[in-house]
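Dear colleague,

Please find below the sequence and the structure that I am handing over to you. My account of what was found follows directly after them.

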Amino acid sequence: MNRLSKEDLSQMNQNYFQSLDKEKLVEVAGNLHSLAVEQLEKLEQNSSNSSLPPSSDQFKSKEKVPSLELEPTGSETSISESKREDKHVSQESEKPKNKGFGKKLSGKQAGAKGIWRTSPLVASQTVAHHPLSCASCNSRLEIDPQAKPYMGYYVLELEKLDSELIVELQSAEIIHLDETPWYEKGKSRWLWVAITSTIAVFHIGSRRKEELLHLISEAFVGWLIADGYGAYSSYPKRQHCLAHLIRKAIALTEAVDKEVADLGQWLVS
């Protein structure tokens, strides 16, 4: 079917449906049903059944919409309210008693002993940084000779240059390659990562196919393991990521069409 656009849907009203004969009305209903199924399955996508990253799960509600129930009338009202009160009392009695301990927070607990490097970092040089202007009024600031350091951080140099790591990538037998997006100042950025058994190379750029040239080239003759992104499809020795295949099979089990759901269940099992 042709994809229904926003303009198409805006023209559909009660008068439009009443003007259609039975055959056309069934055809329109079928198209609307297909669109509803497509949108429903898209809404139910998450990191376990699609290629969406786990960070996207926080935007999806895990609570199910409660089913509608008819309000009781007459004597049924008092009976149903009594049952709800009894159920509430029963649930309260089954809850574990609070012994005064708060819920444990994730991560390192306050007062716990930290774990750090066995040998301290040794700085080869110290570089001072001073603000050149006031952040509020933009006035130029003079460097105070009596100023004391407030904070600092270490800058670590890689043991190998990026070009050396890229050359080492090409000799690997297997490379796992993936990319993930994020937004910075309204622009889409992409982080590519190529991983072998010994090294990991990260590259920030666009999602164009040309970005692959920064990671793998014609010198690489091993196996490339990646997802279904089209940029990888031209590589001859490519294996589809098993984790992505499992997610797609799980998505099929949740399909509206029973035959498709049965196929997904067969693939998962």
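Leaving aside neighbours within four places in sequence, K237 is in contact with V221, G222, W223 and L224. Please note that the model is a predicted one. K237 is found in the loop between β4 and β5. Along the chain, K237 and G222 are 15 residues apart, while 7.0 Å separates their C-alpha atoms. K237 has a relative accessible area of 31%. Buried means under 20% and exposed means over 50%, so K237 counts as partly exposed.

A second loop residue may be set beside this one. S47 lies in the loop between α3 (22–43) and α4 (75–94). Its relative accessible area is 17%, and under 20% counts as buried, so S47 is buried. If residues up to four places away in sequence are not counted, S47 touches L52, P53, P54, D57 and R247.

As to the overall build, the protein contains seven helices and five strands. Read from the N terminus, the order of elements is α-α-α-α-α-β-β-β-β-β-α-α. The protein has 269 residues, of which 17% count as buried. About 23200 Å² is exposed, and carbon and sulfur atoms supply 56% of that area. Among contacts between residues at least 6 apart in sequence, 37% join residues at least 24 apart.

The strands deserve a fuller description. Five of them form an open sheet in the order β3-β2-β1-β4-β5, and the pairing is mixed. β3 (200–205) and β5 (238–240) stand at the edges with a single partner strand each, so one side of each has no neighbour in the sheet. From one strand to the next, the twist averages 25°. In general, the strands of a sheet pair through backbone hydrogen bonds, either parallel or antiparallel.

The pairs, taken across the sheet from β3, are as follows.

- β2 and β3 run antiparallel and are joined by six bridges. L191 has I204 of β3 as its bridge partner, and a hairpin of four residues connects β2 to β3.
- β1 and β2 also run antiparallel, with nine bridges between them. Y183 stands opposite S188 of β2. The hairpin of β1 and β2 has two residues between the strands, and K185 there takes a positive phi near 55°.
- β1 and β4 pair in the parallel sense over three bridges. I175 stands opposite L224 of β4, and H176 has I225 of β4 as its bridge partner.
- β4 and β5 pair in the parallel sense over three bridges. The bridge partner of A226 is H240 in β5.

Several of these strands also contribute to the interior. The largest nonpolar core has 20 residues, and those with the most contacts inside it are I175, L177, W192, L224 and Y232. Two or more residues of this core come from each of α5 (162–170), β1 (174–184), β2 (187–195) and β4 (223–226). β2 gives the largest share, three residues.

Which residues does I175 touch, not counting those up to four places away in sequence? They are L169, A194, I195, T196, I216, F220, W223, L224 and I225. L224 thus appears in this contact set, is the residue opposite I175 in β4, and is listed with I175 among the residues with the most contacts inside the core. W223 and L224 are also touched by K237, the loop residue with which this account began.

Finally, two helices should be mentioned. Helix α6 (residues 242–253) and helix α7 (residues 258–268) pack at an angle of about 140°, and their axes are 6 Å apart. The crossing of these two helices, α6 and α7, is left-handed. On the side of α6, the contact is made by A249, I250, L252 and T253. On the side of α7, V260, A261, G264, Q265, L267 and V268 take part. R247, which is touched by S47, falls within the residue range of α6.

With kind regards

Terms used. Residues numbered from 1 in each chain as written. Predicted model: local features only at pLDDT ≥ 70, side-chain atom pairs only at ≥ 80, totals over all residues. Heavy atoms only, no water. Core = buried A, V, L, I, M, F, W, Y, C linked by side-chain atoms within 4.5 Å. Buried < 20%, exposed > 50% of the residue type's maximum accessible area, 1.4 Å probe, protein only. Contact = heavy atoms within 4.5 Å. Pairing = 2+ DSSP bridges. Axes fitted to C-alpha atoms, helices over the stretch in contact; angles between N-to-C directions. Areas by Shrake-Rupley, 256 points an atom, 1.4 Å probe, with all protein chains shown as cover. Left-handed = near helix turned anticlockwise from the far one by under 90°.
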